[in-house]
Amino acid sequence: MSLLLALTGWRSEPWIARLSALLPGRRIDTLGTLRDRDAVQYALTWRHPPGSLEALPNLRAIFSLGAGVDHVFADPRLPDAPIVRVVDPDLTARMSEWVALQVLLHHRQFRRYDRQQRERVWDEDESQPRAADVRVGLLGLGVLGLDAARKLQTLGFTVAGWSRAPKQVEGMATYHGAQGLDAMLARTDILVSLLPLTPDTRGVLNAALIAKLPRDGRIGPALINAGRGGSQVEADILAALEAGALKGASLDVFETEPLPAHSPLWGREDVFVSPHNSAISEPDAVAGYIAGQILAHERGESWRNLVDRTRGY
Ligand code: NDP
Ligand code: OXD
């Protein structure tokens, strides 16, 4: 019985090494080495080629090697097996680090002082607001959004969050649905998106949304997106930066990845670009999580962190 690694853009070797150590005696195949399709019980995917998980008659589960599963649903010929996604403290901690870094970057005007240092300019801004005076709004209050929100609260920011379904979170203002979105945007200086990409969230970070962010805050408005690039309209973000409707942006994900060399986002001082690595799937952590799930399932336990196919996340 075997595991199949179906990866695009990621190396298989680190995963094979970790999984072989954790699940001794099982064959780990890649799409290139697979000969016996009947033997495959578990498929592990990161952007697998569409159709490559078909004709695996004994498939018990599909594991996304990331927290997001839009890449899984991009396959129109996806087999009808349970889909398990990554929920892991290592990945969650990495994302919260990145979000906190970006919120602080805008709050403490990092790009400005970075430029001033390069230009040897000593120009103190006497109007530095307190973190409590800065309103952060989280789009997506799931595993990652909630952890980031809590850590931002610890730093002193005034944090609210938005989700699809109503959610009670002690000590935090929460909003949901279309009306809730407008209400949260109206009290947001720094907007952070940790939304999954679904038909409902595609293109949601657009001109109309940006126009609803207040311009009377102590800093911002600023937009931070580490969810998925398909949720953002980059032409609208650029136009908003030009018009002053946005003061800055931090983007880890893009409509096209890698971000094309000709994208104007690269060259802007008011935009921070990172290469979709705000929260990597570290093979030690994630292989351990997946092996643990497989062994637990084989002892009769239910899958944890199953993806809802109708919601798309
Ligand atoms: P979760 O499924 O735990 O949380 C998703 C959140 O988004 C939930 O709060 C959900 O609402 C909300 N949501 C989904 N659809 C809508 C909608 N239409 N309207 C309002 N809220 C909505 O996911 P995670 O927090 O674990 O991960 C979030 C995303 O982060 C991933 O899907 C992935 O795209 C991205 N990611 C990016 C990484 C990177 O390196 N850049 C790394 C890891 C993840 P509700 O609570 O009501 O269900
Ligand atoms: C993920 C990612 O979904 O890295 O985990 O984007």
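A polar contact is a pair of N or O atoms within 3.5 Å. An oxygen atom of ligand 2 and a polar backbone atom of Gly68 are 2.7 Å apart; the pair therefore falls within the 3.5 Å cut-off. The model discussed here is predicted.

## Ligand 2

Which residues are around ligand 2? They are Trp46, Gly66, Ala67, Gly68, Leu91, Arg228, His276 and Ala279. By class, this shell divides into four nonpolar residues, three polar and one charged.

Gly68 is one partner in the polar contacts. Its backbone offers a polar atom at 2.7 Å from a ligand 2 oxygen. The backbone of Ala67 does likewise, with a polar atom 2.7 Å from an oxygen atom of the ligand. His276 uses its side chain: an N or O atom there lies 2.6 Å from an oxygen atom of ligand 2. How much of the accessible area of ligand 2 does the protein cover? On its own, ligand 2 has 210 Å² of accessible area, and the protein covers 88% of this.

## Ligand 1

There are 30 residues around ligand 1. Arg85, Ala165, Lys167, Asp252 and Tyr313 come nearest. The shell has 15 nonpolar residues, eight polar and seven charged. Both domain 1 (2-86 + 281-298) and domain 2 (89-273) give at least three residues to the shell.

Which parts of the protein make polar contacts with ligand 1? Lys167 does so through its side chain, where an N or O atom is 2.8 Å from a ligand oxygen. Leu141 places a backbone N or O atom 2.9 Å from an oxygen atom of ligand 1. For Gly227, a polar backbone atom is 3.3 Å from an oxygen atom of the ligand. The protein covers 92% of the 940 Å² that ligand 1 has accessible on its own. Helices H3 and H5 and strand S7 (158-163) are the elements that give two or more residues to this shell.

## The cavity

How many cavities of 30 Å³ or more are in the whole structure? A search finds one. The largest cavity has a volume of about 40 Å³. Its lining consists of Ala67, Arg85, Val86, Val87, Asp88, Leu91, Thr92, Val143 and Leu144. Helix H3 (89-107) and helix H5 (143-154) are the elements that give two or more residues to it.

Are the lining residues mostly nonpolar or charged? Six are nonpolar, two are charged and one is polar. Domain 1 (2-86 + 281-298) and domain 2 (89-273) each provide at least three residues of the lining.

Some names recur. Ala67 lines the largest cavity and is also around ligand 2. Leu91 is another lining residue that is found around ligand 2. Arg85 lines the cavity and is among the residues that come nearest to ligand 1.

## The second largest pocket

About 330 Å³ of space lies in the second largest pocket. Its lining has 17 residues. His106, Gln109, Gly220, Lys247 and Gly248 lie nearest the pocket centre. By class, eight of the lining residues are charged, five polar and four nonpolar.

Which element gives the largest share of this lining? Helix H4 does, with four residues. H3 and H4 each supply at least two residues.

## Backbone details

Two cis peptide bonds deserve a look. One runs from Gly220 to Pro221, with omega near 0°. Pro221 sits in the loop between helix H7 (207-211) and strand S10 (222-225). Gly220, on the other side of this bond, is among the residues nearest the centre of the second largest pocket. The peptide bond from Glu257 to Pro258 is also cis, and its omega is near -5°. Pro258 belongs to the loop between strand S11 (248-251) and strand S12 (271-273).

Positive phi values come next. Gln109 is not a glycine, yet its phi is near 55°. This residue lies in the loop between H3 and helix H4 (110-118). Gln109 is also one of the residues nearest the centre of the second largest pocket. Asn305 has a positive phi too, near 60°. Asn305 is placed in the segment after helix H9 (283-298).

Technical notes:
Residues are numbered from 1 along each chain as its sequence is written. Chains are lettered from A and ligands numbered from 1 in the order in which they are written. This is a predicted model: local features need pLDDT of at least 70, side-chain atom pairs count only at pLDDT 80 or more; totals for chains, interfaces and linings use all residues. Side-chain values use heavy atoms; hydrogens and water are left out. On a 1 Å grid over the protein atoms alone, a cavity is a set of points where a 1.4 Å probe fits but cannot get out, and a pocket is an open set with protein on both sides within 12 Å along at least five of seven lines; lining residues have an atom within 4 Å of a point. Grid points are joined across faces, edges and corners, and a volume is the space filled by probe spheres set on the points. Ala, Val, Leu, Ile, Met, Phe, Trp, Tyr, Cys and Pro count as nonpolar, Asp, Glu, Lys and Arg as charged, and the others, Gly among them, as polar. Domain bounds come from an automatic or database domain assignment. A residue is near a molecule or strand if one of its heavy atoms lies within 4 Å of it. A polar contact is a pair of N or O atoms within 3.5 Å; within protein, one must be able to donate a hydrogen and the other to accept it, and residues adjacent in sequence count only if both atoms are side-chain atoms. Accessible areas come from the Shrake-Rupley method with a 1.4 Å probe; for residues, only the protein chains shown count as cover.
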